[in-house]
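Here is a short report on the structure shown below. It starts with overall dimensions, then turns to fold content, an annotated region and symmetry.

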Protein chains: 2
Amino acid sequence: MARQARAIQTRRTILEAAGEVFDERGYDSATIAEILGRAGVTKGALYFHFTSKEDLARGVLGEALTTEGVLPQESKLQEWVDVGMVLAHRLPREPLLRASITLSADQHARALLGTSWPGWIDYLAEMLQQAKDQGELLPHIDPQETAALFVGAWTGVEVVNSAIAGGRLEEKIAALYDHVLPGMAVPGVLGRLDTAADRGARMWRAHRNSLGADAAAPGA
Amino acid sequence: MARQARAIQTRRTILEAAGEVFDERGYDSATIAEILGRAGVTKGALYFHFTSKEDLARGVLGEALTTEGVLPQESKLQEWVDVGMVLAHRLPREPLLRASITLSADQHARALLGTSWPGWIDYLAEMLQQAKDQGELLPHIDPQETAALFVGAWTGVEVVNSAIAGGRLEEKIAALYDHVLPGMAVPGVLGRLDTAADRGARMWRAHRNSLGADAAAPGA
């Protein structure tokens, strides 16, 4: 493997270990020693990529804004739904993604590191604006307002569901869409949206297959 | 003042100070010393009511499930709306209520103390069941599922809005209702629901006036 490819893989291994430890312990209790042990890399390798625990946490948050697995759709509203559905499928399978919510929900870590929420809101607002320009949204919908609400609602549903051991996240997020879409979509679009709980899993499998990845890969 | 009334007032003073400190510092960094200083009571008085920081935090969480200010309505769906609207009005004015979200959002504190979320879900589910029995909800709505989703969505909207300094919580929560109610209410009920952003403030004022409380009271 070329030196650069190895470095990218090592960085990824470290971030995934950091994600696990931040997700399990929270920011304050996480230690570089535990992340090192989990990653199985040398101290030198870790410090080559990350200078401190704070730097590691920033790296984890930098991976949070991901739409891997979301495919372009003719209906931009369907694509907007798919973003949340694919994430609901991936989150329980990827500690690195869960860690970004753990870090953002923690008042201390948030004050130190910021969150990926503004990035998510802008991304989803742009997508809703395109849906609106295509005539898919009811006229009163303000893409920026709806995007901000939805980022909050999605995050809160995940946090509360996980705290009360409520069940499969994909089902909760599907139900969230079923609650909000009738107040957002024009009737002709509403009936054609796929909000089945397995939508995210299907999208993710199609994406993995298109990469030729094996079924044992994370999130598969 | 009778001894019992004094004790109740002292307990409340301590809880409000604890709410401020937990809200500002988070659970781990909060100290009994700072709570003592804020409350302006003696150490003996504090330890008469609360044996530890953990006990103080449990006391704070015990105050979280409050519907003070919500008046009975003919439409149970309106009353369900009012619960979230009044809380959205009170929360920015009452550190004791904010602290319960801060404590619940913190993974560590949550593992130690639990949350008020199961209580909220059961309370709101019961109210939605009454609305359904009165024919106010669309037939596919499952009161328990919707209540759990809504507790998550409400909480997440608050946390994200506060993190990004998004604006007045009352407006965000009103917009959340406007997004979910068209997918929940039968058409004849939907048009008659009051989801104006100042709904909570009006309800709260009416409640304070009914008590003859003065305008300087918390939340007035």
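Chain A has 220 residues and a radius of gyration of 19 Å, which agrees with the value near 17 Å for a compact globule of that length. The model is predicted. Along the principal axes, the C-alpha atoms of chain A fill a box of roughly 60 × 40 × 30 Å.

The table collects overall values for chain A.

| Property of chain A | Value |
|---|---|
| Buried residues | 51% of 220 residues |
| Accessible surface | about 9500 Å² |
| Carbon and sulfur share of the accessible surface | 52% |
| Share joining residues at least 24 apart, among contacts between residues at least 6 apart in sequence | 65% |

What is the secondary structure of chain A? The count is 12 helices and zero strands. Read from the N terminus, the order is α-α-α-α-α-α-α-α-α-α-α-α.

One stretch carries an annotation. UniProt, in an unreviewed entry, lists residues 31-50 of chain A as "DNA-binding region". In the model, this span is 75% helix and 0% strand. The C-alpha atoms at the ends of residues 31-50 lie 13 Å apart.

Now the second copy. In general, a rotation about an axis and a shift along it relate two copies of a chain. Here, a turn of 180° with a shift of 0.0 Å along the axis lays chain B on chain A, at an RMSD of 0.0 Å. The two copies are therefore related as by a two-fold rotation axis. Both copies use the same surface: 100% of the contact residues of chain B recur in chain A.

Note on methods: Residues numbered from 1 in each chain as written. Chains lettered and ligands numbered in written order. Predicted model: local features only at pLDDT ≥ 70, side-chain atom pairs only at ≥ 80, totals over all residues. Heavy atoms only, no water. UniProt positions renumbered as here; feature names shortened; annotations may be inferred. Helix = DSSP H or I, 4+ residues; strand = E, 2+ residues; numbered from the N terminus. Least-squares fit on C-alpha atoms with pLDDT ≥ 70 in both. Contact = heavy atoms within 4.5 Å. Rg over C-alpha atoms; globule rule 2.2 N^0.38 Å. Buried < 20%, exposed > 50% of the residue type's maximum accessible area, 1.4 Å probe, protein only. Areas by Shrake-Rupley, 256 points an atom, 1.4 Å probe, with all protein chains shown as cover.
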